[in-house]
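Here are a few exercises to try with the model open. Have a go at each one before reading its solution.

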Amino acid sequence: NPCQQHRIAMNGASIKIQARARAYIEVGNYRRALRKIMRLQARVRGMFVRSHGDADNTRILDGITAFQAKVRGAIGRSIYEQKLLSRLRNSSAVTIQSALRTCLARNRYIAVRAAIITLQCRVRGIQARASAMRRLLETQSAILIQSVFRGIKQKVSFKKTESGFVALQSRVR
């Protein structure tokens, strides 16, 4: 059905649009969080540089870099978990939609099949009654023809016998 195909295509397109919109939002959230972290790191580095001097810079920068790696790792894991959850939701929705379409198609098939069987029964009944009527008519016609034929045969036989008796009577008289 073209209408159903269009609906299915639109459903797939809407799922893709939703997925891309979620990805766009997540990328924006990630970038905002990254900017905030970088700003925080710059301020912390500035504070440490101003307060401790250059000797401690290397150790402080190493600590900041480690902190930055941990934060980025946590953000990455969070994004991965959200994507995984989103995929799971999408696959669940697709599974439910597929089961629903299967159920609807099966119900339509059963209804059409029942209608076809009913129609076939009615047509076969009409054909059987017509065939029985033809056989009855043929039987009655055969009986009538046989009856007429026997009647004619009897009349002919009677006429022969009658003419024989008439001839015999005329000779006897």
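**Exercise 1. Work out whether Gln68 is buried or exposed, and find its place in the chain.**

Solution. Start with the cover: Gln68 is buried, given its relative accessible area of 11%. The cut-offs here are under 20% for buried, over 50% for exposed and partly exposed in between, with a 1.4 Å probe and protein chains only. Next, the place: Gln68 sits in helix α2. Last, check a partner: Met38 is 30 residues away in sequence, yet the two C-alpha atoms are 8.4 Å apart in space.

A word on the source: this is a predicted model, where local features need pLDDT of at least 70 and side-chain atom pairs count only at pLDDT 80 or more, while totals for chains, interfaces and linings use all residues. Residues are numbered from 1 along each chain as its sequence is written, and side-chain values use heavy atoms, with hydrogens and water left out.

**Exercise 2. Describe the overall build of the chain.**

Solution. Count the elements: 2 helices and 0 strands (DSSP runs, H or I of at least four residues for helices and E of at least two for strands, numbered from the N terminus). Helix α1 covers residues 2-52, and helix α2 covers residues 57-172. Now the dimensions: the C-alpha trace spans about 175 × 25 × 15 Å along its principal axes. The radius of gyration is 51 Å, whereas a compact globule of 173 residues would have one near 16 Å; this radius is taken over C-alpha atoms, and the globule rule is 2.2 Å times the number of residues to the power 0.38. As for burial, 9% of the 173 residues count as buried.

**Exercise 3. Find how far apart Arg129 and Phe67 are in space.**

Solution. Along the chain they are 62 residues apart, and their C-alpha atoms are separated by 93 Å. Arg129 belongs to helix α2 and is exposed, at a relative accessible area of 57%.

**Exercise 4. Locate a patch of positive charge and a nonpolar patch on the surface.**

Solution. First, the rule: patch residues have over 30% relative accessible area and no salt bridge, with like charges joined within 9 Å and nonpolar side chains (Val, Leu, Ile, Met, Phe, Trp, Tyr) within 5 Å. A salt bridge puts a side-chain nitrogen of Lys or Arg within 4 Å of a carboxyl oxygen of Asp or Glu. The positive patch gathers Arg31, Arg32, Arg35, Lys36, Arg39 and Arg43. Among them, Lys36 is exposed, at 57% relative accessible area. The nonpolar patch is formed by Leu144, Val148, Ile152 and Val156. Of these, Leu144 is exposed, with 56%.

Key:
Accessible areas come from the Shrake-Rupley method with a 1.4 Å probe; for residues, only the protein chains shown count as cover. Lys and Arg count as positive and Asp and Glu as negative; His and the chain ends are not counted. The place of a charge is taken as NZ of Lys, CZ of Arg, CG of Asp or CD of Glu.
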